[in-house]
Amino acid sequence: MDNNFFALISRMRYISRWGLMRNSLPENIQEHSHMVAVIAHALGVIRRDVYGIPCNPDQCASVALYHDASEILTGDLPTPIKYNNQEIMAAYHEIEDLASEKLLRMLPPELQSSFEPIMIGDAAKELHPIVKAADKLSAYIKCIEERKAGNNEFLSAEKQTRDSLLRSDLPEVKYFMENFIPAFEKTLDELGTMKQGI
């Protein structure tokens with residue numbers, strides 16, 4: 001079989017997110033996956049170092065990097081459609097699983113056993129709550145950025161996403177919300193990057 005895995009992964013940048021919304025700042029799934037990996041890694045560190053719960057932050061980041069890889073083959077189904085009812089959601093998850101398995105088989109056999117846990121196996125399943133929370137935090141940050149750019153299209157999504165995050169039972173999500181989300185409201189100057197002496 002042709003080893004097409006990484007060539008397809010590189011095409012994540014062609015899959016746009018938020019397809020039903022008017023975007024001031026377009027986002028593709030490659031950009032999104034990077035941010036989700038950064039946040040998932042942070043949530044893993046917070047879980048381990050703040051709350052003393054065993055966790056491998058590197059594995060959190062790896063799972064997050066590939067959490068939307070199936071969309072290379074399926075495209076990005078907008079959230080209002082994907083979660084419209086249980087039948088659509090179940091069918092789409094089944095399609096995602098099949099797409100992930102197809103991608104995995106595009107790797108040489110000697111590499112598949114290393115990628116399988118983070119794409120469809122135990123690590124992906126075990127760390128799903130952390131990666132899902134990171135995914136939602138990334139979406140919330142996107143909504144904040146759109147509002148700051150003067151785009152009111154995301155106001156409802158921002159409120160719904162924030163409410164969902166505040167209901168999370170993961171303490172690391174609350175920690176991230178309290179300690180890091182406020183900085184996303186700041187300008188570049190307020191973030192301190194332009195201060196003298198840097």
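**Entry 1. Helix α2 against helix α9**

A crossing of two helices is right-handed if the near helix is turned clockwise from the far one by less than a right angle, and left-handed if it is turned anticlockwise. With that convention in hand, I looked up α2 and α9 in this predicted model. I recorded their crossing as right-handed.

I then took the geometry of the pair. Helix α2 covers residues 29–50 and helix α9 covers residues 128–148, and the two pack at an angle of about 125°. Their axes lie 8 Å apart. Which term describes the orientation of α2 and α9? The two helices are oblique to each other, because an angle counts as roughly antiparallel over 145 degrees and as roughly perpendicular from 65 to 115.

I next listed the residues that meet. From α2 I noted H32, M35, V36, I39, A40, L43 and R47. On the α9 side, their partners are I130, V131, A133, A134, D135, L137, S138 and I141. Sorted by class, this contact has 11 nonpolar, 2 polar and 2 charged residues.

**Entry 2. Helix α2 against helix α3**

I turned to the contact of α2 with α3. The axes of these helices come within 7 Å and cross at roughly 155°. That angle makes α2 roughly antiparallel to α3. I recorded this crossing, too, as right-handed.

Which residues of α2 meet α3? I found S33, V36, A37, A40, H41, G44, V45 and R48 in α2. They meet P57, D58, C60, A61, A64 and L65 in α3. By class, I recorded 9 nonpolar, 3 polar and 2 charged residues for the contact of α2 with α3. I also noted that V36 and A40 appear in the contact with α3 and in the contact with α9.

**Entry 3. Salt bridges**

How many salt bridges does the structure hold? The total is 7, and I looked up several of them.

The side chains of D49 and R48 form one, with an N to O distance of 2.6 Å. R48 is partly exposed, because its relative accessibility is 38%. R48 is also one of the α2 residues that meet α3.

E146 and K142 are joined by another, at 2.7 Å from N to O. The two residues are 4 apart in helix α9, so about one helical turn separates them. Is this pair buried or exposed? Both E146 and K142 are buried.

The bridge between E185 and R147 measures 2.6 Å, N to O. E185 lies in the segment after α11 (171–179), whereas R147 belongs to helix α9, so the pair ties together parts that are 38 residues apart in sequence. I noted both residues as partly exposed: E185 has a relative accessible area of 37%, and R147 has one of 26%. Shared partners join R147, E158 and E185 into one network of salt bridges.

**Entry 4. S70 and L73**

I looked up S70 in the loop between α3 (57–65) and α4 (71–74). S70 is buried, because its relative accessible area is 3%. Apart from residues up to four places away in sequence, S70 touches E96, A99, S100 and L103.

L73 lies in helix α4 and is partly exposed, with a relative accessible area of 37%. Which residues does L73 contact, its neighbours within four places in sequence left aside? They are A99, K102 and L103. A99 and L103 thus occur in this list as well as among the contacts of S70. I also took the separation of L73 from I15: their C-alpha atoms are 9.8 Å apart, with their positions 58 residues apart along the chain.

**Entry 5. W18 and M106**

I checked W18, which is found in the loop between α1 (5–9) and α2. Its phi is near 55°, a positive value in a residue other than glycine. W18 counts as buried, because its relative accessibility is 18% and the cut-off for buried is under 20%.

M106 sits in the loop between α6 (86–104) and α7 (109–119). M106 is buried as well, with a relative accessible area of 10%. How far apart in space are M106 and A69? The two are 13 Å apart, C-alpha to C-alpha, and 37 residues apart in sequence.

Terms used: Residues are numbered from 1 along each chain as its sequence is written. This is a predicted model: local features need pLDDT of at least 70, side-chain atom pairs count only at pLDDT 80 or more; totals for chains, interfaces and linings use all residues. Side-chain values use heavy atoms; hydrogens and water are left out. Buried means under 20% relative accessible area, exposed over 50%, partly exposed in between (1.4 Å probe, protein chains only). Contact means heavy atoms within 4.5 Å. Axes are lines fitted to C-alpha atoms, for helices over the stretch in contact, and angles run from 0 to 180 degrees between N-to-C directions. Angles under 35 degrees count as roughly parallel, over 145 as roughly antiparallel, 65 to 115 as roughly perpendicular and the rest as oblique. Ala, Val, Leu, Ile, Met, Phe, Trp, Tyr, Cys and Pro count as nonpolar, Asp, Glu, Lys and Arg as charged, and the others, Gly among them, as polar. A salt bridge is a side-chain nitrogen of Lys or Arg within 4 Å of a carboxyl oxygen of Asp or Glu.
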